[in-house]
Amino acid sequence: MFEYRLIAQCPETGARAGELITPHGVIETPVFMPVGTQATVKAMTPPELEEIGAQIILGNTYHLYMRPGADIVEEAGGLHKFMQWHHPILTDSGGFQVFSLSELRKITDEGVEFRSHLDGSKHFMRPEDSMDIQQKLGSDIAMAFDECVVWPTTEEYSRAAMERTISWAGRCKEHHSRVDQALFGIVQGSMFEAQRIECIKRLEDISFPGYGIGGLSVGESHEDMYRILDALCPEMPVNKPRYLMGVGHPANLIEGVARGIDMFDCVLPTRNGRNGGVLTSFGKLNLKNRGFA
């Protein structure tokens, strides 16, 4: 149902070519995933995504939970039928969005209490709830619920968040039951190399078919991002996919691939595009400027 095949690896860098086999098709890696936050990639239709070669897209668990609701998506036949996308889909856990509501949420070891960004209503999400939502959505790949820490932070808080992330990963795996959906763990540990390595080793003990790298592109420099990847990637299992979450700047993609990353996602391309921004060899241009009228 789900399998990763490593086809080739560069002997000089960590760059890899592989295949991800999912219930909705085979994905050639490295791969970039356009973000369809609320079951749609903004300003693009599914046929347009196919035309540009998109192999897999990402859906956002928090936003789909808030609107239209996981039950409605499930009743429509799951996310693939709901959005008329017949290729693989990955859903994030909702953790990043919940934790970004810094003034509207409270974290405990049991889960996270937060208020909706739409109407202020109060909600509580546990790792088990994230699994229930993602299983109703029916994505090919689900992500474990984690605590994403922004930078800067203290080593002490980063460790506490890492411990919660590992505990929640175990609870997610125990609760997850959908056999046609792969569940990935997420590595946290902020900018602390030892924590990152400890986290992946302990997640490997739980055992997942793939691993996300969270908590990067959250305020740190590019140099710090690359330093963490340099320390972490050699410690990650060779026979499982590696997903650098929320990273999509072209320079970061190249540097990530060179370090052995297989999967990326980011809102940057569609956000830039629908606002007239284009990336060129001469730098970023804004096509809404008068000079392009």
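**First stop: Ser-207**

Select Ser-207, which sits in the loop between helix 8 (193-206) and strand 12 (211-213). Helices (H or I, at least four residues) and strands (E, at least two) are DSSP runs, numbered from the N terminus. Before moving on, know that you are looking at a predicted model, in which local features need pLDDT of at least 70 and side-chain atom pairs count only at pLDDT 80 or more, while totals for chains, interfaces and linings use all residues. Residues are numbered from 1 along each chain as its sequence is written, and side-chain values use heavy atoms, with hydrogens and water left out.

Ser-207 is not a glycine, yet its phi is positive, near 80 degrees. Most residues other than glycine have a negative phi, and most peptide bonds are trans. Ser-207 counts as partly exposed because its relative accessibility is 31%; buried means under 20% relative accessible area, exposed over 50%, and partly exposed in between (1.4 Å probe, protein chains only).

**Second stop: Ala-43**

Now pick Ala-43, in the loop between strand 4 (31-36) and helix 1 (46-51). Here too a residue that is not a glycine has a positive phi, about 75 degrees. Is Ala-43 buried or exposed? Ala-43 is exposed, as its relative accessible area is 66%.

**Third stop: two cis peptide bonds**

Select Arg-67 and Pro-68 together and look at the bond that links them: the peptide bond is cis, with omega near 10 degrees. Pro-68 belongs to the loop between helix 2 (61-66) and helix 3 (70-75).

Then jump to Trp-151 and Pro-152, whose peptide bond is cis with omega near 10 degrees. You will find Pro-152 in the loop between strand 10 (141-143) and helix 7.

**Fourth stop: strands 1, 2 and 3**

Color strand 2 (residues 16-22) and use it as your guide. Five of its seven residues are buried, so strand 2 is largely enclosed by the rest of the structure. In a regular strand the side chains alternate between the two faces of the sheet.

Add strand 1 (residues 3-9), which runs antiparallel to strand 2 and is joined to it by six bridges. Two strands pair if DSSP finds at least two bridges between them. To see one of these bridges, show Gln-9 with its partner in strand 2, Arg-16. Between strand 1 and strand 2, which form a hairpin, there are six residues.

Next add strand 3 (residues 25-29), paired with strand 2 in the antiparallel sense over five bridges. Which residue of strand 3 is the bridge partner of Thr-22? The partner is Gly-25. This hairpin, from strand 2 to strand 3, passes through two residues.

**Fifth stop: Ser-116**

Go to the loop between strand 8 (112-115) and strand 9 (122-125) and select Ser-116. Ser-116 is buried, since its relative accessible area is 3%. Show the atoms around it: leaving aside neighbours within four places in sequence, Ser-116 is in contact (heavy atoms within 4.5 Å) with Tyr-62, Met-66, Ser-121 and His-123. Then check the distance from a polar atom of the Ser-116 side chain to the backbone nitrogen of Leu-118, which is 2.9 Å.

**Sixth stop: Arg-178**

Move to Arg-178, in the loop between helix 7 (155-175) and strand 11 (182-187). Arg-178 is partly exposed because its relative accessible area is 29%. Not counting residues up to four places away in sequence, Arg-178 touches Gln-135 and Gly-138. For a distance exercise, pick the C-alpha atoms of Arg-178 and Lys-201: they are 25 Å apart in space, and the two residues are 23 apart in sequence.

**Last stop: the largest pocket**

Rolling a probe the size of a water molecule over the atoms shows where empty space is left. To find the centre of the largest pocket, select Phe-96, Gln-97, Gly-246, Asp-265 and Val-267, which lie nearest to it among the 35 lining residues. Now color helix 5 (95-100), strand 14 (263-266) and helix 11 (268-274), each of which supplies at least two residues of the lining. Which element gives the most to the lining of the largest pocket? Helix 11 does, with four residues.

On a 1 Å grid over the protein atoms alone, a pocket is an open set of points where a 1.4 Å probe fits, with protein on both sides within 12 Å along at least five of seven lines; lining residues have an atom within 4 Å of a point.

Definitions and conventions:
Polar contact = N/O pair within 3.5 Å; in protein donor to acceptor, adjacent residues only side chain to side chain.
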